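Hi,

Here is the structure I promised to pass on. Have a look at it first, then read my notes below.

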Amino acid sequence: MTHFNYFAESEQPGQERFQKIRDGLFGPLVRFLIRCRVTADLISLLSLLQLVPFGYLLLTAETSQQIAIASIFVWLHVILDALDGPIARTTGTAGPAGAFTDMCVAHAGMLITTCILTAAGFVNPTVAVAYVSSYTVAVAFTIWLNMIGHPFRLVIRTKYLLYALITAYGLFGVNLIDKAVVVFCAVHVLFAIAGFGKLRRILRNSPAE
């Protein structure tokens, strides 16, 4: 697996195995999409576009059932985001540029979802800013550490938990989103601090040019 990713050291072997399993499961669909001239970049764009109906439905929702329907589009975003890699590998176009695009799409999805939740009144604006800021910094440090060969042993990513909480609210009417985002923010602040400290130690111990 390329070092250009945001997986922890302990996750990377498992991610390579999961990647092979996912490629096998998606194989028939991937081959069909390729025959239809669908590219990995187009899938990435379609993935982000799923957040348009999600945003509309969430912002206009009057019942928890409508929120549950809106959450379907978040998971379509996730599923489509998982398809671009298999398409790129099957067509021989996989590489750092595709990995970069994939990470940007995944991260943009989290940012857009958080903004929509904030606009809909589910997340306090100050907490939302702290969350997306700390998440972004933590991800940047994680990628940087992977690229220089000093990955974290463990990384916690909260975006899927956030998506699950939206779904849970729609299905069960229990809204834990605002409280959870406060906890998520604290987690990513700690990771950002840890990443800063680890990178600073590595750079301080690097030989001078």
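The chain has 9 helices and 0 strands, so to speak an α-α-α-α-α-α-α-α-α pattern when you read along the sequence. Keep in mind that this is a predicted model.

Now for the overall shape. A compact globule of 209 residues would have a radius of gyration near 17 Å, and the chain comes out at 18 Å, which agrees. Along the principal axes, the C-alpha trace spans about 60 × 45 × 25 Å. Of the 209 residues, 42% count as buried. If you take the contacts between residues at least 6 apart in sequence, 79% of them join residues at least 24 apart.

On the outside, the chain exposes about 11,500 Å², and carbon and sulfur atoms supply 68% of that. As for charge, there are 15 positive and 11 negative side chains. The centres of those two sets lie 6 Å apart.

One helix to zoom in on is H2, residues 27–35. Which of its residues are buried? Gly27, Val30 and Leu33 are. Seen down the axis of H2, the buried residues fall within an arc of 125 degrees, so they line one face of the helix. The general rule helps here: an α-helix has 3.6 residues a turn, so residues three or four places apart point the same way. Pro28 and Arg35 sit on the other side of H2 and are exposed. After H2 comes Arg37, with a positive phi near 65 degrees.

Have fun turning it around on screen!

Definitions and conventions: Residues are numbered from 1 along each chain as its sequence is written. This is a predicted model: local features need pLDDT of at least 70, side-chain atom pairs count only at pLDDT 80 or more; totals for chains, interfaces and linings use all residues. Side-chain values use heavy atoms; hydrogens and water are left out. Helices (H or I, at least four residues) and strands (E, at least two) are DSSP runs, numbered from the N terminus. The radius of gyration is taken over C-alpha atoms; the globule rule is 2.2 Å times the number of residues to the power 0.38. Buried means under 20% relative accessible area, exposed over 50%, partly exposed in between (1.4 Å probe, protein chains only). Contact means heavy atoms within 4.5 Å. Accessible areas come from the Shrake-Rupley method with a 1.4 Å probe; for residues, only the protein chains shown count as cover. Lys and Arg count as positive and Asp and Glu as negative; His and the chain ends are not counted. The place of a charge is taken as NZ of Lys, CZ of Arg, CG of Asp or CD of Glu. The arc is that of the directions from the helix axis to the C-beta atoms.
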